[in-house]
Structures are given as structure tokens and as C-alpha cells.
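Here's a quick tour for anyone meeting this chain for the very first time. Take a look at the picture, then read on.

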Amino acid sequence: MTARAEALAPPARLILGGRTVEVTGWAGPWPATERWWDTADTRRTARLQVTLADGRALLLAVEGGRWRVEGAYDS
């Protein structure tokens with residue numbers, strides 16, 4: 001991701017719990033500036049939805065170059 005929340009390349013794989021899983025589809029990214037009114041606590045985040053080869057669908061977020069899983073969708 002760039003500083004402007006643009007994907008440099010399509011996501012290809014994710015490492016979860018030590019396992020590598022292929023990304024089969026994705027949407028986003030959606031940038032957000034959270035708590036913009038509080039300059040001491042403002043945060044820039046981008047979110048991305050992915051579907052995985054094992055059937056899962058996840059909501060990912062990146063902040064400060066670190067990725068996290070924010071949610072999982074029911075199938």
C-alpha cells in the first residue's frame with residue numbers, strides 16, 4: 001500500500017497462523033482517517049476485503065505498515 005492507500009499490486013497470499021493461503025479475490029482498499037478531530041490521536045487506516053482459497057472471507061486493515069484481520073464474514 002502507498003501512503004495514499006493505493007495497492008501497489010494485487011494481494012496474492014496471506015499468512016495466517018503460520019499457514020500461507022492464496023487470495024482468490026479482493027475489493028478495496030478503502031482509506032479512512034479516524035479521529036481526525038483529535039490531532040494527538042488521529043489514525044490513518046486502509047481496509048481491504050479478501051476471499052481466500054480455503055473459502056474464508058476476511059476484512060483486513062493496515063495502519064502504519066502493519067496488517068491485521070479486523071473481521072471474518074460468515075458464509
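What follows is a short walk through the chain, from its overall build to a few individual residues.

## The big picture

First, keep in mind that this is a predicted model. The chain has 5 strands and 0 helices, so if you read along the sequence, the pattern is β-β-β-β-β. Along its principal axes, the C-alpha trace spans about 40 × 25 × 20 Å.

Of the 75 residues, 27% count as buried. The accessible surface adds up to about 5,400 Å², with 51% of that belonging to carbon and sulfur atoms. As for charge, there are 10 positive and 9 negative side chains, and the centres of the two sets sit 4 Å apart. Looking at contacts between residues at least 6 apart in sequence, 29% join residues at least 24 apart.

## How the strands pair up

Strand 2 (19–34) and strand 3 (43–52) run antiparallel and are joined by 9 bridges. One spot to look for is Glu34, which stands opposite Arg43 in strand 3.

Strand 3 also runs antiparallel to strand 4, this time with 6 bridges. Here Leu48 has Leu60 of strand 4 as its bridge partner. The hairpin made by strand 3 and strand 4 has 4 residues between the strands, and in it Gly55 takes a positive phi near 95°.

## The nonpolar core

Which residues make up the largest nonpolar core? There are 9 of them: Leu14, Leu16, Val21, Val23, Leu48, Val50, Leu52, Leu58 and Leu60. Strand 1 (13–16), strand 2, strand 3 and strand 4 (57–63) each chip in at least two residues, and strand 3 gives the most, with 3 residues. As a general point, nonpolar side chains in soluble globular proteins tend to be buried together.

Leu14 is a handy place to start exploring this core. Setting aside neighbours within four places in sequence, Leu14 is in contact with Arg19, Thr20, Val21, Val23, Val50, Leu52, Leu58 and Leu60.

## Two threonines, two settings

Is Thr45 buried or exposed? Thr45, which lies in strand 3, counts as buried because its relative accessible area is 3%, under the 20% cut-off. Beyond its neighbours within four places in sequence, Thr45 is in contact with Trp30, Pro31, Ala32, Glu34, Ala61, Val62, Glu63 and Arg68.

Now try Thr39, found in the loop between strand 2 and strand 3. Thr39 has a relative accessible area of 73%, which is over 50%, so it counts as exposed. Thr39 and Gly28 are 11 residues apart in sequence, and their C-alpha atoms are 26 Å apart in space.

## A couple of backbone oddities

Most residues other than glycine have a negative phi, and most peptide bonds are trans. With that in mind, two places are worth a look.

One is the peptide bond joining Gly28 and Pro29, which is cis, with omega at about 5°. Pro29 sits in strand 2. The other is Arg35, a residue other than glycine with a positive phi, near 55°. Arg35 is in the loop between strand 2 and strand 3, and with a relative accessible area of 33% it is partly exposed.

Methods: Residues numbered from 1 in each chain as written. Predicted model: local features only at pLDDT ≥ 70, side-chain atom pairs only at ≥ 80, totals over all residues. Heavy atoms only, no water. Buried < 20%, exposed > 50% of the residue type's maximum accessible area, 1.4 Å probe, protein only. Core = buried A, V, L, I, M, F, W, Y, C linked by side-chain atoms within 4.5 Å. Contact = heavy atoms within 4.5 Å. Areas by Shrake-Rupley, 256 points an atom, 1.4 Å probe, with all protein chains shown as cover. Lys, Arg positive; Asp, Glu negative; His and termini not counted. Charge placed at Lys NZ, Arg CZ, Asp CG, Glu CD. Pairing = 2+ DSSP bridges.
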